[in-house]
Amino acid sequence: MMIEPILASLQDQIVKTSNSYGMTEIEVVPSELVSVVQALMTHPDMPFTFLTDLCGIHLLEPTPRIGIVLHLHCLQTNTRLRLKCFSEKVDSPTLPSLTSLFSGANWMEREAYDFYGIQFVGHPNLCRILNEDGLTIFPMRKEYPLEDATRQDKNDSMFGR
Amino acid sequence: MSQDSRPAPQIGPSPEGVDGQGFFLTTVEKAVGMARKNSLWPLPFATSCCGIEFMATMGSHYDLARFGSERPSFSPRQADLLMVMGTVAKKLGPVLKQVYEQMAEPRWVLAVGACASTGGIFDTYSVLQGIDKVIPVDVYVPGCPPRPEQIIDGLIKIQELVQSEHLGRRNSPEYKALLASYGIE
Ligand code: SF4
């Protein structure tokens with residue numbers, strides 16, 4: 001069983017297909033994310049039933065965009081698939097939640113929200129998971145200088161750096 | 001070795017006072033200070049690598065029990081000394097403060113390692129830049145990580161503070177103001 005025919009049947013919902021680091025990679029239209037993952041998950045011959053990972057990503061080139069990377073695994077044929085999906089709005093990225101398909105996506109999406117501020121539509125409890133609740137920024141976005149010279153919480157007078 | 005040739009047991013120095021035939025006079029403050037100093041119950045708040053050094057310090061080789069800290073207290077309510085060893089994330093700050101608030105007076109705090117003292121190498125958005133941002137600290141132990149000898153040195157510094165603390169300190173306006181500056185009742 002090859003993955004290409006499956007992807008060909010989904011080609012309307014796929015922006016582009018490539019192969020990198022020994023894995024097939026597809027980029028999906030954001031509005032079609034859930035239906036694509038559901039089709040892959042329920043495929044009779046090659047069901048991608050296992051969500052290995054879901055994480056946020058912020059790319060600056062060629063155009064700035066924020067999105068997610070999914071790793072899906074078909075345990076029957078031991079095939080892996082990398083799936084990317086980007087939101088058009090960098091200021092307030094919004095993507096559909098996969099929690100209706102994978103319960104395991106819950107905490108992973110919370111993490112992606114915590115660090116990149118991605119709003120997952122349909123997530124049951126989208127709040128911070130690792131950082132303190134009072135944090136006002138999304139720290140992994142590539143929009144901060146490495147060091148903020150105006151910060152107040154570091155006392156240099158006694159200990160220096 | 002026969003029983004008679006055993007060395008006589010070592011007795012620590014007694015506080016200043018008047019020594020006489022069958023009696024000894026000193027102040028309550030000095031007697032209490034000595035008793036407190038030699039029976040500190042530490043609460044280990046070990047969050048990362050420095051905690052490993054504490055485990056060595058508590059173990060038989062370095063043996064913190066020699067200094068009266070025989071019993072690590074894992075309930076803050078029964079502890080005298082809070083030993084914070086390791087990186088404290090900002091998210092953990094309120095937890096640390098709550099542990100401190102649960103301790104009964106008099107209480108002391110030892111910040112072990114660069115992280116607990118200043119944030120250490122973790123000069124970043126998620127790490128508390130020193131536990132003295134949330135609770136008052138009595139003694140800082142530098143090092144990344146400090147060796148057990150240094151932790152013991154810090155404990156002995158705490159013991160000196162404990163011994164010389166006057167009994168009214170915890171009710172003094174200065175101490176109340178210090179706690180109030182941290183928002184602790
Ligand atoms: S001071 Fe160094 S050894 Fe101690 S907790 Fe921090 S990084 Fe670890």
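Accessible areas here come from the Shrake-Rupley method with a 1.4 Å probe. On that basis, in this predicted model, the accessible surface of chain B comes to about 10,100 Å², and 58% of that surface belongs to carbon and sulfur atoms. For chain A the corresponding surface is about 9,000 Å², with 54% belonging to carbon and sulfur atoms.

It is convenient to begin with the make-up of each chain. Chain A has four helices and seven strands, which follow the pattern α-β-β-α-β-β-β-β-α-β-α along the sequence. Of its 161 residues, 45% are buried. Among the contacts in chain A with a separation of 6 or more, 51% are accounted for by residues 24 or more positions apart.

Chain B comes to six helices and six strands. From the N terminus on, its elements run β-β-α-β-α-β-α-β-α-β-α-α, ending with two helices in succession. The C-alpha atoms of chain B fill a box of roughly 65 × 45 × 25 Å along the principal axes. Buried residues make up 41% of the 185 residues in this chain. When contacts between residues at least 6 apart in sequence are considered, 74% of those in chain B join residues at least 24 apart. As for charge, chain B carries 17 positive and 19 negative side chains, and the centres of the two sets lie 5 Å apart.

The ligand provides a natural next stop. Its surroundings consist of B:S48, B:C49, B:C50, B:G86, B:T87, B:A114, B:C115, B:F122, B:G143, B:C144 and B:P145. Two helices of chain B, α2 (49-58) and α4 (113-118), each supply at least two residues of this shell. Sorted by character, the shell residues divide into seven nonpolar and four polar, with no charged residue among them.

Two buried isoleucines of chain B show how parts of the chain that are distant in sequence come together. B:I151 sits in helix α5, which spans residues 148-164. Its relative accessible area is 0%, so B:I151 counts as buried, the cut-off being under 20%. Leaving out residues up to four places away in sequence, B:I151 touches B:E53, B:F54, B:T57, B:M83, B:V112, B:V141 and B:P146. One of these partners, B:F54, is 97 residues away along the chain, yet the C-alpha atoms of B:I151 and B:F54 are separated by 7.5 Å.

The second isoleucine, B:I184, belongs to the segment that comes after α6 (173-181) of chain B. B:I184 is likewise classed as buried because its relative accessible area is 5%. Beyond neighbours within four places in sequence, the contacts of B:I184 are with B:K97, B:Y100, B:E101, B:R107, B:V134, B:I135, B:P136 and B:L179. The pair formed with B:P136 spans 48 residues along the chain, with 10.0 Å between the two C-alpha atoms.

The backbone also offers a few details that deserve attention, starting with two cis peptide bonds. In chain A, the bond from A:E61 to A:P62 is cis, with omega near 0°; A:P62 is found in the loop between β3 (50-59) and β4 (65-74). In chain B, the bond from B:E105 to B:P106 is cis, with omega near -5°. The loop that holds B:P106 lies between α3 (93-102) and β5 (108-112) of chain B.

Positive phi values outside glycine occur in chain A at A:Y21 and A:N78. A:Y21 has a phi of about 50° and lies in the loop between β1 (14-20) and β2 (23-28). Its relative accessibility of 81% is over the 50% cut-off, so A:Y21 counts as exposed. For A:N78, phi is near 55°, and the residue has its place in the loop between β4 and β5 (79-87). A:N78 counts as exposed too, because its relative accessibility is 56%.

Definitions and conventions. Residues are numbered from 1 along each chain as its sequence is written. Chains are lettered from A and ligands numbered from 1 in the order in which they are written. This is a predicted model: local features need pLDDT of at least 70, side-chain atom pairs count only at pLDDT 80 or more; totals for chains, interfaces and linings use all residues. Side-chain values use heavy atoms; hydrogens and water are left out. Buried means under 20% relative accessible area, exposed over 50%, partly exposed in between (1.4 Å probe, protein chains only). Contact means heavy atoms within 4.5 Å. Lys and Arg count as positive and Asp and Glu as negative; His and the chain ends are not counted. The place of a charge is taken as NZ of Lys, CZ of Arg, CG of Asp or CD of Glu. A residue is near a molecule or strand if one of its heavy atoms lies within 4 Å of it. Ala, Val, Leu, Ile, Met, Phe, Trp, Tyr, Cys and Pro count as nonpolar, Asp, Glu, Lys and Arg as charged, and the others, Gly among them, as polar.
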